[in-house]
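Student: Could you show me how to read aromatic ring pairs and cysteines in a structure? I have a model open and would like to go step by step.

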Amino acid sequence: MIVVLLGPPGAGKGTQAKVLSQKFGYAHISTGDILRKSVKDGSSVGKLAKTYMDKGELVPDNVVIKLVSDYIVKGHESGDFLLDGFPRTDQQARELDSELKKAQKKVDLVLYFKTSPEISIERLSGRRVCSKCGQNFHIKNMPSKEEGVCDACKGSLITRGDDNVETIKRRLVVYEKETGSLINYYKSQNVLEEVSGNLDVEELFMQIKRFFTKTKKA
Ligand code: AP5
């Protein structure tokens with residue numbers, strides 16, 4: 001099954017994707033993670049992407065599509081996968097459909113995490129990320145056992161460069177303008193399921209787990 005997680009920044013897409021991939025064996029493809037890796041590697045694509053990401057703007061479609069297409073091909077070749085943060089524009093959605101069509105596949109399910117802007121701001125401004133393994137925490141909702149230290153690998157926890165209130169607000173505006181139309185795009189394909197992203201992590205997982213069955217890899 002090919003699943004798209006759709007929703008504003010801070011809706012909890014990455015958090016649920018990690019749980020779903022652990023419990024059900026789905027591959028997790030996050031364009032945010034792929035882009036941040038390019039930035040860390042210092043590649044020319046990464047340097048270009050950083051100029052957009054730092055401002056809370058979308059990286060241009062041609063760059064993202066080129067970067068993500070290999071992952072999509074590998075994803076559908078190996079079976080079930082979750083897309084987190086992609087597609088984010090009409091063009092990306094159409095490119096995804098046409099890439100999948102070549103393999104006689106399609107997006108089977110879009111989980112839309114409807115989330116209030118206040119919740120997004122509260123979650124993102126309190127998010128802390130492990131600088132070593134990328135694990136996500138939240139200072140109130142999901143604190144690490146030891147302050148500033150990752151539970152999983154003992155790496156130090158940092159605040160993402162785009163998680164300041166000004167950039168978060170810009171990301172929310174960009175989401176409404178560029179990504180909001182995908183709700184109707186996928187409604188018209190009869191694959192959209194709306195859930196409340198305002199629920200806590202466990203409650204949200206209880207709402208969405210009914211859509212999944214274990215893959216061979218789980
Ligand atoms: P990306 O990394 O995709 O960021 P985003 O969409 O802004 O999503 P977030 O990771 O901020 O939110 P999330 O919904 O995954 O929430 P999370 O689970 O982490 O993209 C970053 C940038 O890259 C973009 O701005 C853009 O520049 C570029 N980019 C990426 N993809 C692109 C594309 N396709 N096209 C163009 N540009 C692209 O949770 C957030 C926090 O809340 C955490 O602290 C977590 O612990 C906590 N939390 C999570 N769930 C809950 C819950 N249910 N209850 C309470 N707390 C919770």
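Tutor: Happy to! Keep in mind that this is a predicted model. The count comes to four aromatic pairs.

Student: How is a pair of aromatic rings described?

Tutor: By the distance of the centres and the angle of the planes. Take Phe24 and Phe212: their ring centres are 5.7 Å apart and their planes are at 25°, so this pair is stacked. Phe24 lies in helix H1 and Phe212 in the segment after helix H9, 188 residues apart, so the pair links distant parts of the chain. Both Phe24 and Phe212 are buried.

Student: And what is the arrangement of the rings of Tyr26 and Phe212?

Tutor: That pair is edge-to-face, because the planes stand at 80°, with the centres 5.2 Å apart. Tyr26 sits in the loop between H1 and strand E2, 186 residues from Phe212. Tyr26 is buried, as is Phe212.

Student: Which residues do ring pairs link into a cluster?

Tutor: Phe24, Tyr26, Phe205 and Phe212. For another ring feature, look at Tyr52: the charged end of Lys55 sits over its ring, 5.8 Å from the centre.

Student: Now the cysteines. How many disulfides does the structure hold?

Tutor: Zero. The cut-off is 2.5 Å between sulfur atoms. The sulfur of Cys130 has its closest cysteine sulfur in Cys153, 3.5 Å away, so they are too far apart for a bond. Cys133 is in no disulfide either, with the sulfur of Cys153 nearest at 3.7 Å.

Student: Are Cys130 and Cys133 buried or partly exposed?

Tutor: Cys130 is buried, at 4% relative accessible area, whereas Cys133 is partly exposed, at 42%.

Terms used. Residues are numbered from 1 along each chain as its sequence is written. This is a predicted model: local features need pLDDT of at least 70, side-chain atom pairs count only at pLDDT 80 or more; totals for chains, interfaces and linings use all residues. Side-chain values use heavy atoms; hydrogens and water are left out. Buried means under 20% relative accessible area, exposed over 50%, partly exposed in between (1.4 Å probe, protein chains only). Rings of Phe, Tyr and Trp (its six-membered ring) pair if their centres lie within 6.5 Å; planes under 30 degrees apart count as stacked, over 60 as edge-to-face and the rest as tilted. Helices (H or I, at least four residues) and strands (E, at least two) are DSSP runs, numbered from the N terminus. A charge sits over a ring if NZ of Lys or CZ of Arg is within 6 Å of the ring centre and within 35 degrees of the ring normal.
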